[in-house]
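Colleague: I would like to learn how to read a model of this kind. Could you take me through it feature by feature?

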Amino acid sequence: MAVRPVLRMGDPLLLQVAAPVEQFDTPELHALIQDMRDTMEAMQGAGIAAPQIGVSRQVVIFGVKKNPRYPDAEEVPDTVLINPSLQVLSEDMEEGWEGCLSVPGMRGLVPRHTRIRYTGYDQFGNPIDRTVSGFHARVVQHECDHLWGILYPMRIRDLRYFGFADVLFPDQEIPDE
Ligand code: NI
């Protein structure tokens, strides 16, 4: 149970492909997830991936509650997702603003698939299978990208739409992921 330092863009570990989890429901896995949760809450993020705290394993957590700080963010259920795989259900892409705990202070306009199916496991090894769209789909794509060594600035199509959060959005906040 600890808030861990978050690796920032430039750290080579963030560019690695993370290894799958082989054993579920272990003390080590539960401790990792607790540290991720503590770190995400301390930094008021919408999600975090294990590589961001220096653990190159396929574990992400995310969740967004209705929050006046993020008026445009739809609610996303608190989820632990391990060894995920994504299936694109719509080739339609939608541009949306994103932030990342590993790219502090910045925001960028990122294209994401509007509708996806994601499968994987929770920390106990129970299967997860969801079909989602919109902001939920965006958060999952952002977090799973961390497991493939991709940071959101690598997906920005037009770098004119990449900048400092307090300059771009002086009156509004967008959650970090
Ligand atoms: Ni991120």
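Modeller: We will go through the metal site, the cysteines, one helix residue and the strands. Keep in mind that this is a predicted model.

Colleague: Which protein atoms are the donors of the nickel ion?

Modeller: A donor is an N, O or S atom within 2.8 Å of the metal. Here the donors are SG of C100, NE2 of H142, NE2 of H146 and O of E177, at 2.1 to 2.3 Å from the nickel ion. Along the chain their spacing reads C-x41-H-x3-H-x30-E.

Colleague: Why is the arrangement of the four donor atoms around the nickel ion irregular?

Modeller: For four donors, tetrahedral requires all angles to lie between 85 and 135 degrees. The angles around this nickel ion run from 92 to 140 degrees, so the arrangement is irregular.

Colleague: How are H142 and H146 placed in helix α2?

Modeller: Helix α2 covers residues 134-147, and H142 and H146 are four residues apart in it, which means that about one helical turn separates them. H142 is buried at 2% relative accessibility, and H146 is buried at 1%. Among the other donors, C100 is buried too, with a relative accessible area of 0%.

Colleague: How many disulfides does the count give?

Modeller: A disulfide is a covalent bond between the sulfur atoms of two cysteines. The criterion is a pair of cysteine sulfur atoms within 2.5 Å, and the count here is zero.

Colleague: Why does C144 not form such a bond?

Modeller: The cysteine sulfur closest to that of C144 is in C100, and because the two are 13 Å apart, they are too far for a bond. C144 is itself buried, at 1% relative accessibility.

Colleague: Turning to D35, is this residue buried or exposed?

Modeller: Buried means under 20% relative accessible area. D35 has 9%, so this residue is buried. D35 sits in helix α1, residues 27-42.

Colleague: What does the side chain of D35 reach?

Modeller: The D35 side chain comes to 3.0 Å from the backbone nitrogen of A2. Leaving aside residues up to four places away in sequence, D35 touches M1, A2, R4 and I53.

Colleague: Now the strands. Which residues of β2 lie on each of its faces?

Modeller: A strand has two sides to inspect. In β2, V59, I61 and G63 lie on one side and V60, F62 and V64 on the other, and all are buried. That agrees with the count for this strand, residues 59-64: six of its six residues are buried.

Colleague: Which strands are joined to β2?

Modeller: Look for bridges and their direction. Strand β1, residues 47-49, runs antiparallel to β2 and is joined to it by three bridges; I48 has I61 as its partner in β2. Strand β3, residues 76-88, is also antiparallel to β2, with five bridges, and V64 is opposite V76 there.

Colleague: Where is β6 covered, and where is it uncovered?

Modeller: In β6, residues 115-121, the covered face holds I116, Y118 and G120, while R115, R117, T119 and Y121 form the uncovered one. β6 pairs with β3 through five bridges in the antiparallel sense, and Q87 stands opposite R117.

Colleague: What joins β6 to β7?

Modeller: Seven bridges join β6 to β7, residues 127-133, and the two run antiparallel. One facing pair is I116 and V132. The hairpin of these strands has five residues between them, and G125 takes a positive phi near 90 degrees.

Terms used:
Residues numbered from 1 in each chain as written. Predicted model: local features only at pLDDT ≥ 70, side-chain atom pairs only at ≥ 80, totals over all residues. Heavy atoms only, no water. Buried < 20%, exposed > 50% of the residue type's maximum accessible area, 1.4 Å probe, protein only. Donors = N, O, S within 2.8 Å, 3.2 Å for Na, K, Ca; no water. Tetrahedral: all angles 85-135°; square planar, octahedral: opposite > 155°, others 65-115°. Polar contact = N/O pair within 3.5 Å; in protein donor to acceptor, adjacent residues only side chain to side chain. Contact = heavy atoms within 4.5 Å. Pairing = 2+ DSSP bridges.
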